[in-house]
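Subject: Structure handover

Hello,

Here is the structure we talked about. Please open it alongside this message; my notes follow below.

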Protein chains: 2
Amino acid sequence: MIDGVLKILSGKWSLPVLAELVHGKKRFNQLKRSLGNVNAKALSDTLKHLESHGIIQRQVVFTVPVTVEYSLTEKGQSFRAVFHEMGRWGEQWNQE
Amino acid sequence: MIDGVLKILSGKWSLPVLAELVHGKKRFNQLKRSLGNVNAKALSDTLKHLESHGIIQRQVVFTVPVTVEYSLTEKGQSFRAVFHEMGRWGEQWNQE
DNA sequence: CAGTATCCATAATGATACTG
DNA sequence: CAGTATCATTATGGATACTG
């Protein structure tokens, strides 16, 4: 039952990307910088994966040059509860 | 802050292994079968990783042949809350 | 900026065989 | 049973170049 959830979260960068986006919308290169060591392809693949599951949405802003903003969908927003529990757990058991 | 948590959960099999162990203690090959497509090395590495973070514990039972039981530590038990939220999320948004 | 494409080095995975 | 060792395959990472 939880298998479906784990499948969505599978992939090295899914959770880290979501963790970034719970803070609000971010652009491609902004995410890339925050995550530190993803390469463009890995990030691109991860974003498509999450988008295909309806967890994040991609919005093109027609500036010059264009910018693309990624943000959580309603479905993605509801995932905050999971992160919240992770945070609580981290506070309780870890130092950092 | 949540980074430490994600680090612990990193690795393809960490979450699936934990998902198995929340149901109770399991033996090595039992986990291997449940997870379907892990190979011994990957599972072994994952178990060591989780054990090193104090999330699961390894107990050797001196039968013939020996069996080794893996179970959640107190720290691991407290992670159930996270899985619980994942489950809720899955129920709300996914079919399976 | 936001990607895609490519080449290359390195890490992770899987299958199989083997040991205490 | 619970692993370790080994080898082949695959995935991932990093650098660089290129496009709309």
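How many residue pairs are in polar contact between chain A and chain B, counting pairs with both at pLDDT 80 or more? The count is six. Please keep in mind that this is a predicted model.

**The interface of chain A and chain B**

Salt bridges do not add to those polar contacts: the rule finds zero across this interface. On the side of chain A that touches chain B, the elements giving two or more residues are helix H1 (3-9), helix H2 (14-21), helix H5 (74-77) and helix H6 (80-93) of chain A. H6(A) has the largest share, with ten residues. By class, this side of chain A has 17 nonpolar, five polar and five charged residues.

The contact count is 27 residues of chain A with 27 residues of chain B. About 2,600 Å² is buried between the two chains. Carbon and sulfur atoms give 79% of that area. Three residues stand out on the chain A side: Met86(A), Trp89(A) and Trp93(A). They supply 25% of the area that chain A buries against chain B, more than any other three residues.

**Lys75(B)**

Is Lys75(B) buried or exposed? Lys75(B) counts as buried because its relative accessibility is 14%, and the cut-off for buried is under 20%. Lys75(B) sits in helix H5 (residues 74-77) of chain B. Setting aside neighbours within four places in sequence, its contacts in chain A are Trp89(A), Trp93(A) and Asn94(A). In chain B, Lys75(B) is in contact with His53(B), Gly54(B) and Ile55(B). Two of these partners, Trp89(A) and Trp93(A), also belong to the trio named above for buried area.

**DNA strand C**

Now the DNA. Strand C is surrounded by 16 residues. The closest are Ser44(A), Lys48(A), Arg58(A), Tyr70(A) and Asn39(B). From chain A, helix H3 (28-35), helix H4 (40-52) and strand S3 (67-72) each supply at least two residues of the surface near DNA strand C. That surface has seven nonpolar, five polar and four charged residues.

Which part of DNA strand C lies within 4 Å of the protein? Sugar or phosphate accounts for 88% of those atoms, and bases for the rest. The side chain of Ser44(A) has an N or O atom 2.5 Å from a phosphate oxygen of DNA strand C. Asn29(A) uses a backbone N or O atom, 3.0 Å from a phosphate oxygen of DNA strand C. Chain B takes part too: a side-chain N or O atom of Asn39(B) is 3.0 Å from a base nitrogen of DNA strand C.

**DNA strand D**

DNA strand D has 17 residues around it. Asn29(B), Ser44(B), Arg58(B), Val68(B) and Tyr70(B) are the closest. Helix H3 (28-35), helix H4 (40-52) and strand S3 (67-72) of chain B each give at least two residues to this surface. Its residues are eight nonpolar, five polar and four charged.

For DNA strand D, 79% of the atoms within 4 Å of the protein belong to sugar or phosphate. The others belong to bases. Tyr70(B) has a side-chain N or O atom 2.4 Å from a phosphate oxygen of DNA strand D. For Arg58(B), the corresponding distance to a phosphate oxygen is 2.6 Å. Chain A contributes Lys12(A), with a polar side-chain atom 3.1 Å from a phosphate oxygen of DNA strand D.

Best wishes

Notes:
Residues numbered from 1 in each chain as written. Chains lettered and ligands numbered in written order. Predicted model: local features only at pLDDT ≥ 70, side-chain atom pairs only at ≥ 80, totals over all residues. Heavy atoms only, no water. Near = heavy atom within 4 Å. Polar contact = N/O pair within 3.5 Å; in protein donor to acceptor, adjacent residues only side chain to side chain. Helix = DSSP H or I, 4+ residues; strand = E, 2+ residues; numbered from the N terminus. Nonpolar A, V, L, I, M, F, W, Y, C, P; charged D, E, K, R; others polar. Buried < 20%, exposed > 50% of the residue type's maximum accessible area, 1.4 Å probe, protein only. Contact = heavy atoms within 4.5 Å. Buried area = accessible area lost by both parts, 1.4 Å probe. Salt bridge = Lys/Arg side-chain N within 4 Å of Asp/Glu carboxyl O.
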